[in-house]
Amino acid sequence: MEIANMNERITIQKSSMVADHIGNHTLKWFDYYCCWACVDNVSGKEFWEAAQHNAQDSLYFTIRYFSPVHDLDTTHYRVKFRGQIYNITFIDHAQYQNKTLRLMAERADRE
């Protein structure tokens, strides 16, 4: 992966349970990690294999491996890119070499 291709800024957000003043628990999203990424569309073959509804709404985010992203999962993390929210659907650790991480994500209907 050429570092020059990582030219888009993304924010990885993490969910957390927060209690309000009367004890109600709600799920809140907080900015967890900002980084540069290479952003690609999902290819036609991958699009059909994943049974996605719209290829325009699915993207790959390739980021450099760094200790804060070691524990990423598809349940508690999401990506914010150009004002849109993307739910992570798959995490590829790129042969576990700890150099890059590839996140497949689809645009969320709501924030």
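**A predicted model, read through its strands and rings**

Author: The side chains of Asp 57 and Arg 107 are joined by a polar contact of 2.5 Å. Everything discussed here comes from a predicted model.

Reader: What makes the link between the side chains of Asp 57 and Arg 107 a polar contact?

Author: The limit for a pair of N or O atoms is 3.5 Å, and the 2.5 Å between the side chains of Asp 57 and Arg 107 satisfies it. Asp 57 itself sits in the loop between helix H1 (44-49) and S3.

Reader: Which residues is Asp 57 in contact with, leaving aside its neighbours within four places in sequence?

Author: With those neighbours set aside, Asp 57 is in contact with Tyr 86, Ala 105, Glu 106 and Arg 107.

Reader: How do you know that S1 and S2 pair, and in which sense?

Author: Pairing requires at least two bridges between the strands, and strand S1 (residues 8-19) and strand S2 (residues 25-41) have twelve, in the antiparallel sense. Within this pairing, Ile 12 has Tyr 33 of S2 as its bridge partner. Five residues lie between the strands of this hairpin, and Gly 23 there takes a positive phi near 95 degrees.

Reader: What, on the same test, pairs with S3?

Author: S2 and strand S3 (residues 58-64) pair in the antiparallel sense over five bridges, with Asp 40 bridged to Tyr 60 in S3 and Ala 37 standing opposite Ile 63. S3 is also joined to strand S6 (residues 100-107), again in an antiparallel arrangement, by seven bridges, and here the partner of Ile 63 is Leu 101 in S6. Both counts, five and seven, satisfy the requirement of at least two.

Reader: Why is S3 described as enclosed by the rest of the structure?

Author: Six of the seven residues of S3 are buried, so the strand is largely enclosed by the rest of the structure. One residue of S3, Phe 61, has a relative accessibility of 0% and counts as buried, because the cut-off is under 20%.

Reader: Why is the pair of Phe 61 and Tyr 86 called edge-to-face?

Author: Their ring centres are 5.6 Å apart and their planes stand at 70 degrees; since a pair needs centres within 6.5 Å and an angle over 60 degrees counts as edge-to-face, the pair is edge-to-face. This pair links distant parts of the chain, with Phe 61 in strand S3 and Tyr 86 in strand S5 (residues 84-92), 25 residues apart. Tyr 86 has a relative accessible area of 5% and is therefore buried.

Reader: Why is the pair of Phe 81 and Tyr 86 called tilted?

Author: The rings of Phe 81 and Tyr 86 are 6.3 Å apart, centre to centre, with 55 degrees between the planes; an angle that is neither under 30 nor over 60 degrees counts as tilted. Both Phe 81 and Tyr 86 are buried. Phe 61, Phe 81 and Tyr 86 form one aromatic cluster, and the structure holds five aromatic pairs.

Reader: What lies over the face of Tyr 60?

Author: Arg 102 does, at 3.7 Å from the ring centre, where the distance limit is 6 Å.

Reader: How do you know whether Ser 15 is buried or exposed?

Author: Ser 15, found in strand S1, has a relative accessible area of 9%, and because buried means under 20%, Ser 15 is buried. Not counting residues up to four places away in sequence, Ser 15 touches Leu 27, Lys 28, Trp 29, Thr 75 and His 76.

Reader: What is the relative accessibility of Val 79, and is the residue buried or exposed?

Author: Val 79, in strand S4 (residues 77-81), is at 0% relative accessibility and so counts as buried. Beyond the residues up to four places away in sequence, Val 79 touches several others, among them Ile 10, Phe 61, Tyr 86 and Leu 103. Val 79 and Tyr 33 are 46 residues apart in sequence and 9.6 Å apart in space, C-alpha to C-alpha.

Reader: What pattern does the protein follow along the sequence, and how much of the protein do buried residues make up?

Author: The protein has one helix and six strands, in the pattern β-β-α-β-β-β-β. Buried residues make up 32% of its 111 residues. Of the contacts with a separation of 6 or more, 52% come from residues 24 or more positions apart. The protein exposes about 7500 Å², of which carbon and sulfur atoms supply 46%.

Technical notes: Residues are numbered from 1 along each chain as its sequence is written. This is a predicted model: local features need pLDDT of at least 70, side-chain atom pairs count only at pLDDT 80 or more; totals for chains, interfaces and linings use all residues. Side-chain values use heavy atoms; hydrogens and water are left out. Helices (H or I, at least four residues) and strands (E, at least two) are DSSP runs, numbered from the N terminus. Rings of Phe, Tyr and Trp (its six-membered ring) pair if their centres lie within 6.5 Å; planes under 30 degrees apart count as stacked, over 60 as edge-to-face and the rest as tilted. Buried means under 20% relative accessible area, exposed over 50%, partly exposed in between (1.4 Å probe, protein chains only). A charge sits over a ring if NZ of Lys or CZ of Arg is within 6 Å of the ring centre and within 35 degrees of the ring normal. A polar contact is a pair of N or O atoms within 3.5 Å; within protein, one must be able to donate a hydrogen and the other to accept it, and residues adjacent in sequence count only if both atoms are side-chain atoms. Contact means heavy atoms within 4.5 Å. Accessible areas come from the Shrake-Rupley method with a 1.4 Å probe; for residues, only the protein chains shown count as cover.
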